[in-house]
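Thank you for making time this morning. Please have the sequence and the structure open in front of you, and I will go through them one region at a time.

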Amino acid sequence: MSKQAVVVVDLQNEYLATGKLPLVNIEAAVDNATKVIEYARQHAIPVIHIRHEFLDPEIPFFVKNTDGVEIIQTVTPANNEYIITKNYPNSFLKTDLDSHLKEQGVEQLTIIGAMSHMCIDATTRAASDLGYTCTVVEDACATMNLEFNGQVVEAAQVHAALMAALAFAYAKIVSITDYIQS
């Protein structure tokens, strides 16, 4: 079996109801992410935490040195878990994520976090393009309602469309139940 790791993308305070970018059903996603992380820790699967900070001072969220960029308390990294700060949706872009995974001999990634339509999408596609076998635990991810040409697209539809697209060519999409029973 290939060595695996769990990548926890952007589960930060900014996405909670108290943050500047609250996501639909973030609480359920965080609860499931907690289960994925606990499972990984119990099975000696490395957990890597990604946190986002914008470089542009004009962007009013994910601002460096604010509570919004802190990792949500229930998914706080353990002392030995690697933490990467990124500045772009793709967790591999201008970070050492790829080199860290390669140093550890990791070939399979389980990806969880936020937002489904942005950083989960970008990170999963990049990981697949770099040769990693990817699994996304879909109910350990969250997103928001979006608008396009005046039409509101509900978060559930955004999430479903994104998961369908990733399942088409980039990742195996599973539920928390499927992941823990595998």
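**A walk through the predicted model**

Let me begin with helix α3, residues 116-129, whose 14 residues reach 18 Å from the first C-alpha to the last, close to the 20 Å expected at 1.5 Å a residue. I should say at once that this is a predicted model, and that should be kept in mind throughout.

Which residues of α3 are buried? They are S116, H117, C119, I120, D121, T123, T124, A126 and A127, and what covers them includes the strands β1, β3, β4, β5 and β6 (146-148), together with helix α4 (155-169). On the way into this helix, in the loop between β4 and α3, you will find M115, and the peptide bond that leads from A114 to M115 is cis, with omega near -15 degrees. On the way out, α3 is followed by G131, which has a positive phi near 100 degrees.

The other helix I would like to describe is α1, where 17 residues at 1.5 Å a residue should span 24 Å, and the end C-alpha atoms are indeed 24 Å apart, in agreement with that expectation. Its buried residues are I26, A29, V30, N32, A33, T34, V36, I37, Y39 and A40, and among the elements that cover them are β1, β2 (47-52), β4 (106-114), β5 (133-142) and α5 (176-181). Just after α1 comes A44, with a positive phi of about 55 degrees. In the loop between β1 and α1 there is N25, a residue other than glycine that nevertheless has a positive phi, near 60 degrees; N25 is exposed, at a relative accessible area of 56%. A further example is N149, with its phi near 50 degrees, which is placed in the loop between β6 and β7 (151-153) and counts as exposed at 71% relative accessibility.

Let me turn now to the interior. As background, in soluble globular proteins nonpolar side chains tend to be buried together. Here the largest nonpolar core has 31 residues, and those with the most contacts inside it are V6, L11 and I112. The elements that give two or more residues to this core are β1, α1, β4, β5 and α5, with α1 providing the largest share, eight residues. If you would like one residue to look at, take I112: leaving aside its neighbours within four places in sequence, I112 is in contact with V6, V7, V8, V9, A33, V36, I37, I120, V137, A140 and C141. Apart from this core lies another, of 24 residues, among them A5, I111, C134 and L162.

Next, the charged pairs. How many salt bridges does a search of the whole structure find? There are five, and I will describe three of them, beginning with K86 and D10, whose side chains meet at 2.9 Å, N to O. This pair links distant parts of the chain, since K86 is in strand β3 (residues 82-86) and D10 is in the loop between β1 (3-9) and α1 (26-42), 76 residues apart. Both partners are buried, K86 with a relative accessible area of 0% and D10 likewise with 0%.

The second pair is E53 with R51, whose closest N and O atoms are 2.9 Å apart. E53 is buried, with a relative accessible area of 11%, and R51 counts as buried at 13%. The third is K102 with D98, where the closest N and O atoms are 2.7 Å apart; both lie in helix α2 (residues 97-103), four residues apart, about one turn of the helix. K102 is partly exposed, at 48% relative accessible area.

Finally, the cysteines. How many disulfides does the structure hold? It holds zero. Why does C119 not take part in one? The closest cysteine sulfur to that of C119 is in C141, and because the distance is 11 Å, it is too far for a bond. Starting from C141, the closest cysteine sulfur is that of C119, again at 11 Å and too far for a bond. C119 counts as buried at 5% relative accessibility, and C141 is buried as well, with a relative accessible area of 7%.

That is where I will stop, and I am happy to go back to any of these regions.

Methods: Residues numbered from 1 in each chain as written. Predicted model: local features only at pLDDT ≥ 70, side-chain atom pairs only at ≥ 80, totals over all residues. Heavy atoms only, no water. Salt bridge = Lys/Arg side-chain N within 4 Å of Asp/Glu carboxyl O. Buried < 20%, exposed > 50% of the residue type's maximum accessible area, 1.4 Å probe, protein only. Expected span 1.5 Å × (residues − 1). Contact = heavy atoms within 4.5 Å. Disulfide = S-S within 2.5 Å. Core = buried A, V, L, I, M, F, W, Y, C linked by side-chain atoms within 4.5 Å.
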